[in-house]
Amino acid sequence: MDDVTYETQELSPSKIKVGGGREWWRDAVMYQVYVRSFADSDGDGVGDLPGVTSRLRYIAGLGVDGIWLNPFYKSPQEDGGYDVADYFDVDPLFGTLRDFDVLVGDAHALGMRVLVDLVPNHTSSRHEWFQAALKSPPGSAERDRYIFRPGRGPDGGEPPNNWKSVFGGPAWSKVTGPDPESVSDAPVEWYLHLFAPGQPDLNWECEEVRRYFDDVLRFWLERDVDGFRIDVAHGMIKHEDLPDLDSDEEATGDPDPSGMSGDDHPYWDRDQVHDIYRRWRKILDSYPGERVFLAEAWVKTPARLARYLRPDELHMAFNFDFLKCDWSADDFARTISSTLANLAEVGAAPTWVLSNHDVVRHVTRYGDGPTGIARARAALLLMLALPGSAFIYQGEELGLPEVTDLPDSVLQDPTFVRTEGRVRGRDGCRVPIPWEESGPALGFSTGAPWLPQPASWAELSVGHQSPDATSTLALYRRACELRRLLRPRCAGADFKWLHAAPGLLAFERGGSLSCVVNCSDVPAEVPSEALRIGPVVLSSATSNALVDAPQRSKPDAPKAAPLLPANSALWFAQLA
Ligand code: NOJ
């Protein structure tokens, strides 16, 4: 079988225009920056905002439309900053408000939008409100901002119900408080924390809480952010009676609680949460520019997700069903079809994501090693060919795998401690980025990185991959570049599945782009309908994308379709 090279059309970077048009978010590519692991400017081993600013050109060079920054607010960092002690300031670990303003200004100058993380379900236990609540008696206004309840049992010594923390252990802690004197005559109370004890849940029935977050939104909108990713967007409203869960519904320490959500669940995905989003949308829309909300909502079905995306609520929501697909054409096809159908009903744009700071990196989920990389490269072509917006998690453009052998002593995810080591947690997908082939922390920091990088990551570094046209980094750059070029023709174009053999996915977008993904372990024929769209413009395989099919033995038999190698994907398009 001889290799066949198919024509690949050349692109000039000058054809690429940075920044989207109207409703930019409907087909944007966003890049997730996990600040503490991206780039460290001051040598303390932890990434920071000036570090991000110093690498903005790299991000813009990928061809993305914007960034989403994980939390950088003042925080004791019990859960990687998702325990906010001050919503109006930057933690010194990450810099200053001035550093933030510089970052936003520079990103905008490079044509990129900036989304920040909003953490409204819980504060840090070091937040001034929670400290005040600890010093105040049961029934006080200070305690009403959170969810305090008397315990069960003779002395109130048992938690108020059987809810479990997502990170393991009970979702309730008994109040001792820093100043037990002032509450010494009061009955013992417990407070709710669906995550770590350092993350007490706010009481969203309290109007003061709602007003406070109105101010938080305004504060960052006035600093020119383009929108917010909303943490635990499906969890803020709790059933007023806080009923016990049936035992088979109990949280298990899995950060994905979607198996338990539904309109009758006592805390996930309750209908009243939508009132909050309608309120927030009015605030957001009162600012100029097209600013957006993006929900982190682990819900049961695409139909439930669509409810967050009604026209007067949020703009986008992560599509975790896509992230949870196995490497299977059937699984992908089912999820894509159901996402498109459900979101079309509310006129919402679909989103696609393969990895983030909470899940095992997809190179590893797809099998690790060369197979995992091949599949991850193909998955990128799948994701970027679909209608809607896409999210890239820092480091996936380098093909980084999950680091599975971090020593126990360095693990920081609260899950590890709360499950007594049974669940190792999410540190393995948060290891700092390798920028250079050599030097301290592979260019991430001049000091020791907060999590050690594997020595083998030298070859995955930006410095190593940049000059290599076959690298995963080069594939990401080219895919984003091509997507931008094709964007005007694909925007609003019909999505159509093409007939394909089992194990293959094939679809086209309004006659302008077709994508074929071979999820099987053997080469497979490219469907002729896909070939008709145009020449190959991009291949996920590192060698020639198509190989000649073995020809029939009779010389006059029709020529068979070319074969697409296992675990690879192709785009066909007319670029001219
Ligand atoms: C979702 C965030 O992505 C995760 O990192 C965090 O631990 C939980 N929400 C709690 O805030």
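Here are two short exercises on this predicted model, one on a sheet and one on the ligand site.

**Exercise 1. Work out the strand order of the open sheet, and say why strand 15 and strand 19 each have a side without a neighbour.**

Step 1. Lay the strands side by side: the 5 of them run in the order 15-16-17-22-19, with antiparallel pairing.

Step 2. Check the ends. Strand 15 (495–497) and strand 19 (536–539) sit at the edges with a single partner strand each, so one side of each has no neighbour in the sheet.

Step 3. Look at the twist: on average, neighbouring strands are turned by 20° against each other, direction ignored.

Step 4. Zoom in on one pair. Strand 16 (residues 504–509) and strand 17 (residues 513–518) are joined antiparallel over 6 bridges, and L504 faces N518 in strand 17.

Step 5. Add the helices. Helix 10 (residues 329–345) packs on the sheet, touching strand 15 and strand 16, and its direction makes about 145° with that of strand 15. Helix 15 (residues 472–490) also packs there, touching strands 16, 17, 19 and 22, at about 140° to the direction of strand 19.

**Exercise 2. Find which residues come nearest to the ligand, and how much of its area the protein buries.**

Step 1. Pick out the nearest of the 14 surrounding residues: D79, D231, H357, D358 and R426.

Step 2. Read off side-chain distances to ligand oxygen atoms: 2.7 Å for D231, 2.8 Å for H357 and 2.4 Å for D358.

Step 3. Now the burial: the ligand alone exposes 290 Å², and the protein buries 97% of that.

Step 4. Sort the shell by class, and you get 4 nonpolar, 3 polar and 7 charged residues.

Note on methods. Residues are numbered from 1 along each chain as its sequence is written. This is a predicted model: local features need pLDDT of at least 70, side-chain atom pairs count only at pLDDT 80 or more; totals for chains, interfaces and linings use all residues. Side-chain values use heavy atoms; hydrogens and water are left out. Two strands pair if DSSP finds at least two bridges between them. Helices (H or I, at least four residues) and strands (E, at least two) are DSSP runs, numbered from the N terminus. Axes are lines fitted to C-alpha atoms, for helices over the stretch in contact, and angles run from 0 to 180 degrees between N-to-C directions. Contact means heavy atoms within 4.5 Å. A residue is near a molecule or strand if one of its heavy atoms lies within 4 Å of it. A polar contact is a pair of N or O atoms within 3.5 Å; within protein, one must be able to donate a hydrogen and the other to accept it, and residues adjacent in sequence count only if both atoms are side-chain atoms. Accessible areas come from the Shrake-Rupley method with a 1.4 Å probe; for residues, only the protein chains shown count as cover. Ala, Val, Leu, Ile, Met, Phe, Trp, Tyr, Cys and Pro count as nonpolar, Asp, Glu, Lys and Arg as charged, and the others, Gly among them, as polar.
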